[in-house]
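User: Mind going through this model with me? I have a handful of questions about it.

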Amino acid sequence: MKFVDEYRDADLGRALAAEIVTTVEPGRHYKVMEVCGGHTHTIYKYGVDDLLPANVELVHGPGCPVCVIPMGRVDDAIAVARIPEVIFTCFGDMMRVPGSAGTLLDAKAEGADVRMVYSPLDALRIARQNPGRQVVFFAIGFETTAPSTALTLMRAKAERVPNFSCFCNHVTIVPPLRALLESPDLRLDGFIGPGHVSTVVGARPFEFIPRDYGKPIVISGFEPLDVLQSVHMVLTQLAQGRCEVENQYTRVVPYDGNPRALEALAEVFELRPHFEWRGLGFISQSGLKLSAAYRDFDAESRYPVPGIRVADPKACQCGEVLKGVIKPWECKVFGTACTPERPIGTCMVSSEGACAAYYNYGRLARERQVV
Amino acid sequence: MCLAIPGQIVELVDPVNRLARVNVAGVQRTVNIAMVDGDDGGAVPGDWVLIHVGFALSKVDEAEAQATLRLLEQMGAEYELELAELKASVIE
Ligand code: SF4
């Protein structure tokens with residue numbers, strides 16, 4: 001129990017770890033999925049899993065927005081970025097995600113005007129400053145990030161910025177969870193729910209998990225103690241034969257979410273019939289596109305987007321990692337052909353990706369544990 | 001891009017577009033605060049907010065903000081990168 005010393009309240013951490021031991025049935029194997037990449041990061045960094053009994057397994061989920069973008073969409077993005085009049089803007093992580101023939105960073109090196117932005121509002125400013133060019137924002141992310149894109153588009157529309165558009169790849173969290181719960185190859189006992197997504201959507205959208213699938217879910221904060229406490233809450237529900245949505249992160253997450261953010265989402269976006277997820281395939285009603293009122297700002301209607309479907313490279317097992325079927329280190333190319341410096345798959349790109357998180361901290365944790 | 005960083009609101013700079021200047025780890029930057037325009041009067045100078053891609057996502061109390069900052073500081077490289085990206089941001 002070495003890592004617990006780094007916790008804000010190490011005593012509480014130890015006490016919780018001890019309590020968890022008494023909560024589990026010794027002969028039973030528990031699989032608890034943490035949905036959000038932020039939690040994966042905390043778990044590896046602070047060795048949360050090392051504090052759990054051997055029969056409690058944390059399984060990583062699909063909640064890393066960079067990780068779930070399929071290769072075909074990266075190729076589409078690069079095709080738009082190569083249009084001479086276009087200034088293509090995106091978050092830093094997306095520049096390093098491999099498409100079938102290189103990354104946006106490669107396209108930039110070959111002359112495409114690709115610029116990293118911190119915020120969609122930075123992209124909008126670039127559009128205002130470059131009236132002679134077309135500025136496209138590569139929008140990615142779950143409901144945490146989508147309201148920011150929505151509010152930016154609302155402003156672009158109000159100010160009639162004619163040369164701004166959005167290549168929308170926003171996704172929603174509930175459909176992939178439903179897909180995982182329907183999948184036969186994964187037996188999960190409960191979920192650690194995403195903290196930041198829930199800030200926007202609230203806890204209510206997760207009620208289907210206990211209602212339709214009989215599993216507990218606990219919305220969790222990001223401190224190691226938060227995650228540990230949330231695991232304890234899931235296991236306690238299981239021990240007591242309860243299953244419900246509980247909110248460990250009440251200090252930030254209101255049960256009904258953020259009404260302003262939800263209004264912005266409803267105003268700007270509508271659900272796509274289906275959207276492709278890396279490794280998970282097409283999931284119906286899981287992606288967002290711009291609503292008819294924002295069609296003028298939709299890069300997909302302004303530009304020919306090839307829309308090719310590209311199979312993941314053979315060596316890549318990101319799909320299995322995103323479904324929690326394998327652990328990062330079980331991928332054949334992990335740490336050899338695929339590293340954060342030269343990623344093959346998306347899970348190695350973002351620091352929230354399970355492979356990158358494990359690469360950066362997990363191995364260290366294992367070594368420290370052995371010592 | 002997944003991080004949410006705490007910042008303290010310094011002043012409202014563009015009431016129409018809901019932009020406020022915030023202090024984030026000693027750097028002052030402009031962010032949009034429309035999402036925290038709740039029924040309780042919205043965010044005012046002195047309030048702490050969690051900032052994600054240039055938007056205040058929610059209000060937090062100071063203790064929560066400090067705890068989150070400490071957690072982020074311990075992340076090292078990723079936090080530094082996020083801060084560098086934030087510093088390069090010019091929202092107007
Ligand atoms: S090691 Fe690389 S290719 Fe394998 S699952 Fe992780 S990110 Fe994907």
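User: How do the residues of the shell around the ligand divide into nonpolar, polar and charged?
Analyst: Bear in mind that this is a predicted model. The residues around the ligand include Cys316(A), Val321(A), Phe334(A) and Met348(A), and these count as nonpolar. Gln317(A) and Gly345(A) are also around the ligand, and both kinds count as polar. The full split is 10 nonpolar, 2 polar and no charged.

User: And which cavity does the ligand sit in?
Analyst: Cys338(A), Cys347(A) and Cys355(A) are among the residues around the ligand. As for the space that holds the ligand, it's the second largest cavity.

User: Let's turn to the rings. How many aromatic pairs does a search of the whole structure find?
Analyst: The search runs over all chains. Rings pair if their centres lie within 6.5 Å. The total comes to 11.

User: What kind of pair do Phe222(A) and Tyr249(A) make?
Analyst: Their ring centres lie 6.0 Å apart, with the planes at 80 degrees. Planes over 60 degrees apart get one particular label. So this pair is edge-to-face.

User: How many residues apart are those two in the chain?
Analyst: Phe222(A) is in the loop between strand S8 (217-219) and helix H10 (224-239) of chain A. Tyr249(A) is in another stretch, the loop between strand S9 (245-247) and helix H11 (259-268) of chain A. The pair therefore links distant parts of the chain, and the separation is 27 residues.

User: Is Tyr249(A) buried or exposed?
Analyst: Its ring partner Phe222(A) has 11% relative accessibility and counts as buried. For Tyr249(A) the relative accessible area is 3%. The cut-off is under 20%, so Tyr249(A) is buried.

User: What about Tyr294(A) and Phe297(A): what kind of pair are they?
Analyst: Both are buried, Tyr294(A) at 2% relative accessibility and Phe297(A) at 7%. Their ring centres are 6.5 Å apart and the planes meet at 45 degrees. That angle is neither under 30 nor over 60, so the pair is tilted.

User: Which residue has its charged end over the ring of Tyr294(A)?
Analyst: There's a similar arrangement elsewhere in chain A, where Lys45(A) lies over the face of Tyr46(A) at 5.9 Å from the ring centre. Over Tyr294(A), the charged end is 4.7 Å from the ring's centre. The residue is Lys157(A).

User: Which residue around the ligand also belongs to a cluster linked by ring pairs?
Analyst: The cluster is made up of Tyr44(A), Trp329(A), Phe334(A), Tyr358(A) and Tyr359(A). Checking those names against the residues around the ligand gives Phe334(A).

User: Is Arg160(A), with its positive phi, buried or exposed?
Analyst: Phi of Arg160(A) is near 50 degrees, though the residue isn't a glycine. Arg160(A) lies in the loop between helix H6 (146-158) and strand S6 (164-170) of chain A. At 70% relative accessibility, Arg160(A) counts as exposed.

User: Over in chain B, what is the relative accessible area of Ala25(B)?
Analyst: Ala25(B) has a positive phi of about 50 degrees, and isn't a glycine. Its place is the loop between S2 and strand S3 (27-32) of chain B. Ala25(B) is partly exposed, at 43%.

User: Last one: how many of the residues of helix H3 of chain A are buried?
Analyst: This helix covers residues 71-81 and is mostly covered. Its buried residues include Met71(A), Arg73(A), Asp75(A) and Asp76(A). The count is 10 of its 11 residues.

Terms used
Residues are numbered from 1 along each chain as its sequence is written. Chains are lettered from A and ligands numbered from 1 in the order in which they are written. This is a predicted model: local features need pLDDT of at least 70, side-chain atom pairs count only at pLDDT 80 or more; totals for chains, interfaces and linings use all residues. Side-chain values use heavy atoms; hydrogens and water are left out. A residue is near a molecule or strand if one of its heavy atoms lies within 4 Å of it. On a 1 Å grid over the protein atoms alone, a cavity is a set of points where a 1.4 Å probe fits but cannot get out, and a pocket is an open set with protein on both sides within 12 Å along at least five of seven lines; lining residues have an atom within 4 Å of a point. A molecule sits in a cavity or pocket if more than half of its atoms lie within 2 Å of its grid points. Helices (H or I, at least four residues) and strands (E, at least two) are DSSP runs, numbered from the N terminus. Buried means under 20% relative accessible area, exposed over 50%, partly exposed in between (1.4 Å probe, protein chains only). A charge sits over a ring if NZ of Lys or CZ of Arg is within 6 Å of the ring centre and within 35 degrees of the ring normal.
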